[in-house]
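Here are some short exercises to work through with the model open beside you. Try each task before reading its solution.

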There are 2 protein chains.
Amino acid sequence: MAATKKTVRGGSSRAPARPRRGEAVRQAELLAIAAELFADRGYVATTVRDIADEAGILSGSLYHHFDSKESMIDEILSTFIDQTLASYEGVIAEGKGPKETFEGLVRTSLESMVGSRSAILIYQNEARFLAAEPRFSYLTAAHRKFEKIWTDVLKKGVKSGEFRDSIDPKLVYRLVRDTVWTAPRWYRPGGSLKPERIIDQYLAVLVDGVAAH
Amino acid sequence: MAATKKTVRGGSSRAPARPRRGEAVRQAELLAIAAELFADRGYVATTVRDIADEAGILSGSLYHHFDSKESMIDEILSTFIDQTLASYEGVIAEGKGPKETFEGLVRTSLESMVGSRSAILIYQNEARFLAAEPRFSYLTAAHRKFEKIWTDVLKKGVKSGEFRDSIDPKLVYRLVRDTVWTAPRWYRPGGSLKPERIIDQYLAVLVDGVAAH
DNA sequence: TAGCCAACCTAGCACTTGCTTGGTTAACGA
DNA sequence: TCGTTAACCAAGCAAGTGCTAGGTTGGCTA
């Protein structure tokens, strides 16, 4: 109410339009922006002001849509985990043999790079730190489910003779998991390197190795 | 000089001893502490007060040994890169064939987990963000050297017929690199899982794949 | 067309951050 | 034993942090 009230900013800096599209749409927009920033700069290094800037609003306005910065990453991660578990269970439900199921899991993991690149990166980079807090205990639970799905397939393959019986399912699971979840670090959506090529090469190495037979 | 001077903290909270061991020793100690925290909590999330607490001193005292928080991670990363490049060149210098050289590179990468676990984690987690700043341009340079070393070996293997000619050296390099550098995320030094077992399993999969021949 | 309310803005609070300045202590060499 | 100095402490600053409280606007509905 002081004399200097409107001298600094004119009315022109206001967000131009405010269409009514339902809050879910705007929330999803803001989450996508936040996810991209969390993925590219890191969760801690990304400020609520960064997110708001990118969205063309002020930081305080974010709190009309979200309780906290933490609830944003919560939403991003839980959505990603639900999707991933569903896609894994879809592969299992096809009822194929161990080798084809294993290949299906690798394939669907790498394919999710296209639509969930930022979420994978966030999961890969931040989940370890977040999992300690009670709010994010579902991360540990999901982690265990993932491990069971992969190791079960590997064990079945060893039993059926399709996989070599010298492999340690737990260790090989870690290798494969780290491999497929780390690819989004260098994969660029829309680039000339197509996901199908990555899938081909990765499947070739993981299933048959680099050596000529 | 006020009356309340020594009421809050007695003399007992002071660092107990101050032996003269040369600054290099104390610096290395503090760097080890910092590296552990950077690796376990992330660089941004780790405060200079965290590091000082762990060292049993006050945050300001850190600046007797280091210019800045940034110079600490700089020291950690450049040391790690020098070591790694040296170990890679050592493997190359043995003059073995492509397959054995490839195996040697995998082996030495995984072996470095024992002595450089925290440094690998920091490199893996933070280098991507730091590389943008001029001070850390050596990270990009090292990245290129690593890529050349690995892809050269893979290309030679394809040429000699030891590796399948369908493999894409650049993509397979990424797979292998991501695999060996991500292992420190779950590897626990001193645990029952010995590095030699990890090396065995990882070499088996990378060279020959999971499938029975 | 009056009123509601989603979606913003404005301003700033309480706290944490990396880092600085000046002072203190004790190990050590002369 | 005395001056030097490495290694710390004490106190706090400026810049940022997540978040809040209250005000404003305009699309929408009754």
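The exercises below treat the contact between two chains, their symmetry and one helix.

This is a predicted model, where local features need pLDDT of at least 70, side-chain atom pairs count only at pLDDT 80 or more, and totals for chains, interfaces and linings use all residues. Residues are numbered from 1 along each chain as its sequence is written, and chains are lettered from A in the order in which they are written.

**Exercise 1.** Describe the side of chain B that touches chain A.

*Solution.* Start with contacts (C-beta atoms, placed from the backbone, within 7 Å): 35 residues of chain B meet 35 residues of chain A. Next, find the elements, taking helices as DSSP runs of H or I with at least four residues, numbered from the N terminus. Those giving two or more residues are α4 (98–130), α6 (169–182) and α7 (195–208) of chain B. The largest share, eight residues, belongs to α7(B).

**Exercise 2.** Work out how chain B is related to chain A.

*Solution.* Superpose by least squares on C-alpha atoms of residues with pLDDT of at least 70 in both copies. A turn of 180 degrees with a shift of 0.0 Å along the axis lays chain B on chain A at an RMSD of 0.0 Å. The two copies are therefore related as by a two-fold rotation axis. In chain B, G209(B) has the C-alpha nearest the axis, 1.9 Å from it.

**Exercise 3.** Decide how enclosed α6(B) is.

*Solution.* Call a residue buried if 20 or more other C-beta atoms, placed from the backbone, lie within 10 Å of its own. In α6(B), 11 of the 14 residues are buried, so the helix is largely enclosed by the rest of the structure. Among them are Y173(B) and W181(B). The buried residues pack against α6 and α7 of chain A, together with α4, α5 (137–160) and α7 of chain B.

Terms used: Contact = placed C-beta atoms within 7 Å. Buried ≥ 20, exposed ≤ 12 C-beta atoms within 10 Å, placed from the backbone.
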